[in-house]
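Here's a predicted model to walk through, so have the viewer open and follow along. We'll go from a single side chain out to ligands, empty space and a whole chain.

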Amino acid sequence: MVTIYVNNKPIICKDKELLIKVLKENDIFIPHFCYHESLGADGNCRMCLVEIEGSKRPQIACDTFVYDGLRVHTKSESILETNKDILELELLSHPVDCPTCDQAGECSLQNYYMEYGLYDSRVSVAKNKKDKALDLGSNIMLDQERCVLCMRCVRFCSDITKTDELVVMGRGNDSYITTTPFMRLSNPYAMNVIDLCPVGALTSKDFRFKQRVWFLDSTQSICHACSKNCSIFIDHNAQKNQNDHVHRFRPRVNTMVNGHFICDEGRLSYKKANETRKNDFIMKSRISTYESILKHTKKLLQSENAIALVSASLSVEQMLLVKELSEMYLFDVYYDYKEDEKFGDDFLKSSIKESNLYTAKLLDFKLVDKPYEESLISKSLILNFNSEFISKPRPIEMIEFLTHEGKFERSSSIFTYEYFHNDMGLLINSDGVISSYKKSSKVKSEKFTLLKILNDLLDESYTNESIYEKYKELFFKNIPYSKIMKQSQRLGL
Amino acid sequence: MLFKNVSARFEIENSNSIDVILEHNGYEMVKKLQEFTPEQIIQEVEKSGLRGKGGGGALAGAKWRLLEKAKGKKYIVINADESEPGTFKDRSIIEKDPHLLIEGIILTAYALNSNDAFIYIRGEYQEQAKILQKAIDEAYEKGFLGDETIHKYNIHLTLHRGAGAYICGEKSALLESLEGKRGHPRLKPHTPSPEYFFNNPTLVNNVETIATIPSIIKNGSSFYKNLGVEPSCGSMLFGVSGHVNKPGIYECEFGVSMLDYINTLGGGVKGESIKAVITGGVSTGVIPFEIVKDIKLTYEDLRKAGSSLGTGGMIVMNESTCMVKALKNILSFYHDESCGQCTPCREGTFWVDATLDKFLDGSATLEDIEILKSNSKIMNGKTVCVFAPSVSTVIDSFLKYFQDEFIAKIKVDV
Ligand SMILES: Cc1cc2nc3c(=O)[nH]c(=O)nc-3n(C[C@H](O)[C@H](O)[C@H](O)COP(=O)(O)O)c2cc1C
Ligand code: SF4
Ligand code: SF4
Ligand code: FES
């Protein structure tokens, strides 16, 4: 560790660390466009110039490595002027169409202008015109006039996905981003360039013109589209007299799981959160009440010979309560899962689509196979916990716990419960990393959580925390609940 | 005044043919290659005081030593991108004595333990590329290049044509381009280090620098060191163009007077008088006659005058020259050629170019002088490569000596 001085204040940091990283980690304002933690430095935007004592010229913080005693100034008069001048140049040919730009509110140009600018324009030459609203593929729209040519998008496609669909063409201020000749942007991670783009040049066709970002509430969650469990933000809001609506998923940085990115399929899986079943309770094809179906289920559990099938996407806590229920009423719990080799890759996408298969195995639930089919013959009640693999071999009593429309609407009894986007819980991914997803404090729940329903069936009152704590020694290497709430933890394979 | 070292064979008829130059001591040092150790050659170059002729004037020996010490497969790359306006010296070597360059390349490669060399030639040099390729083919045929050479050292030489970008003359952009990428200069290393070609240590030297090597090895380092005035040792293919009667390339020792050079070798100014001279390619900026008359052609003298020797290509302007138009001409070039990665350079060259249009169409105001100055300031010392700082030097020099002409273009409302 070494000590450096930023604006005369000492900061202790790792030797030879990149200065811009140290500044950002210590919340010291440092304007920048081209540097990004996931892509490293490129040094093209020149926004991050700082003054280094002993150096004749200003230096870029994204290409300066710290050493003991380094003295940096980010706010000296000359640096502030330099930063302002470079910002002025970035805006030289900018269309200033913020009122119709989706990036407004999360745009670095806007933010820096507020920081340095609020100056009157000195520009009296015609702006350089470029193309707008270009459809690059993969839901991505490009506005070349808003682009600051930071090359993050190009570097993402060359360094991260290695698919090289984006290039810079032209020279000087006629440079523009476009797709490589004869190519479209078409890799499974393409939409990450939208988040990487510091300005409104790359926007999502799916999200464009739908919402102003300052009206959105962001909730820390986990993508449920495969067993990688990428950390995400759910951006959602409730408009007047309407239910909460999810507008997008965005990657949330988690170095233990997904780094800075998520795949496009996971990103677009937000749509499933808006397609949940309406909040109803069905008993024998008729609308009923929670209380009566609860009573009905308890009675059946006591009298019938039951078997349960769980979706391997249930949370850790949900599975633990199913386990408790199975021990109370002595039934076997099965799970099933899909392997999609075409979906999986060696980056983030896992071929196993169920997000918590690890826990299903850990709790010793049984895999659906021949014995399951055979044992069904002697059963008189099937409990289905949101599994898509459920089949109904013959007219048989069935209780389903569902988030979305089921297959047997007309012939089962159904508990509707809250989908993950409005719930909290823990998941363990295919690499054995346990993570938590949270519930927004701003959304009023209308549906019961599965935890509440299972508690009622058990006549218990476990919380997410208490049920986890009960089993943490047995299954979870004694990792305290509070630690997982803060940060993902590795259980190991 | 004329001193013929590199240009010694330029006047010979068909001097670019191998049969002709073999009768004039061609490949003499290469034939004796095994009489020298690589270390001897490096030491001779170090002792000679030879400086890079591509514009920077860095000591060639020190650069070679960096490569010699580096680990890994080594490459030699010859910079024949010559695109600096006012500069056409490498072209004359390629046209009139390409085998001298090839001989220099073989000596360099042998000294630095490299078996692969490239020549990166500017796209517009179509004829020159043909001449050079023919010379390379001849050298392969005669056994100077290839796997089984008469001098017992394997060396392959490949000619690569650029696509017409000035910035690809900057050594790291050149290497990016040679690697098949877009010609963007790289961030400078933090400690002295060689260049890298596909992550392998690489030497980049100018055509003329390498074409000088055979004469140093033949005549000894002291011969070269005694030419010129230390620390500007040796001779250079200075060039002159613009308002002169005999534009061309004339080799001289360092230290001759700029005015004598223009008057004697360049045939004197066309028109009444010299108004100003761009000293060594447009990037070095302009100096007015009062300064020109006392300048000696050395790195040090030109530096003292606030300019630099650059590529040695002088552009002479007579009294009829409009300095606003001259600057506009240069800035259109820079605006067109900025690679576009650094914000100050990408936007600054455009803004200055567009502002100069205002001076020419009569719509400029006093504030536009400030726009020129502030852009020059933001382009200086804040970018990846020295393209933008050069633009800054040029703007500053025009405003320093000829600001009156700019102000005269401003129409004042009365
Ligand atoms: C914008 C720019 C353009 C350049 N163009 C050339 C060129 O055309 N030819 C050249 O030899 N060097 C050029 N250089 C200098 C090279 O970067 C490099 O220093 C040189 O090739 C090294 O060779 P030398 O040491 O033998 O001079 C240029 C530099 C800059 C910054
Ligand atoms: S489109 Fe966005 S990410 Fe790509 S270069 Fe332009 S500003 Fe940067
Ligand atoms: S200074 Fe200009 S030419 Fe050099 S790297 Fe930056 S933009 Fe390109
Ligand atoms: S962030 Fe450092 S130059 Fe762009």
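Let's start with B:D353, which you'll find in helix α15 of chain B, the stretch covering residues 343–361. Is this residue buried or exposed? The cut-off for buried is under 20% relative accessible area, and B:D353 has a relative accessibility of 7%, so it counts as buried. What does its side chain meet there? There is a polar contact between the side chains of B:D353 and B:H335, at 2.8 Å. If you skip the neighbours within four places in sequence, the residues in contact with B:D353 are B:K328, B:L331, B:S332 and B:H335. So B:H335 turns up both as a polar partner and in that contact list.

Staying in chain B for a moment, have a look at ligand 3. There are 13 residues around it, and B:C339, B:C342, B:C345, B:C385 and B:F387 come nearest. By class, that shell holds nine nonpolar and four polar residues, with no charged ones.

Now hop over to chain A and ligand 2. Its surroundings include a run from A:C147 through A:V148, A:L149, A:C150, A:M151 and A:R152 to A:C153. The rest of the shell is A:I177, A:C197, A:V199, A:A201 and A:L202. Sorted by class, the residues around ligand 2 come out as 11 nonpolar, no polar and one charged.

Two of those shell residues, A:R152 and A:C153, also belong to helix α4 of chain A, residues 152–160. Which residues of this helix are buried? They are A:R152, A:C153, A:V154, A:R155, A:F156 and A:C157. What do they pack against? The buried residues of α4(A) pack against the strands β8 (166–169), β9 (176–179) and β10, along with helix α5, in chain A. After the helix comes A:K162, with a positive phi near 55 degrees.

Next, the empty space. Rolling a probe the size of a water molecule over the atoms shows where such space is left. Seven cavities of 30 Å³ or more are counted in this model. The largest cavity holds about 140 Å³. Its lining is made of 13 residues, and nearest its centre lie A:S93, A:K130, A:E145, A:C147 and B:E347, so you can pick out both chain letters in that list. The lining of the largest cavity splits into three nonpolar, five polar and five charged residues. One of the residues near its centre, A:C147, is also in the shell of ligand 2.

For open space, try the second largest pocket, with a volume of about 920 Å³. Of its 38 lining residues, A:Q103, A:D195, A:L196, A:C197 and A:R250 are closest to the centre. Which elements give two or more residues to this lining? In chain A, they are α3 (108–116), α5 (192–196), β10 (202–204), β13 (244–251) and α6 (264–268). The largest share, five residues, comes from β13(A). By class, the lining of this pocket has 17 nonpolar, 10 polar and 11 charged residues.

Finally, zoom out to chain A as a whole. It has 13 helices and 24 strands, and its C-alpha trace spans about 85 × 50 × 40 Å along the principal axes. Of its 493 residues, 56% are buried. Among contacts in chain A between residues at least 6 apart in sequence, 64% join residues at least 24 apart.

Conventions. Residues numbered from 1 in each chain as written. Chains lettered and ligands numbered in written order. Predicted model: local features only at pLDDT ≥ 70, side-chain atom pairs only at ≥ 80, totals over all residues. Heavy atoms only, no water. 1 Å grid on protein atoms, 1.4 Å probe; cavity = no way out; pocket = protein on both sides within 12 Å on 5 of 7 lines; lining within 4 Å. Points joined across faces, edges and corners; volume = space filled by probe spheres on them. Nonpolar A, V, L, I, M, F, W, Y, C, P; charged D, E, K, R; others polar. Helix = DSSP H or I, 4+ residues; strand = E, 2+ residues; numbered from the N terminus. Buried < 20%, exposed > 50% of the residue type's maximum accessible area, 1.4 Å probe, protein only. Polar contact = N/O pair within 3.5 Å; in protein donor to acceptor, adjacent residues only side chain to side chain. Contact = heavy atoms within 4.5 Å. Near = heavy atom within 4 Å.
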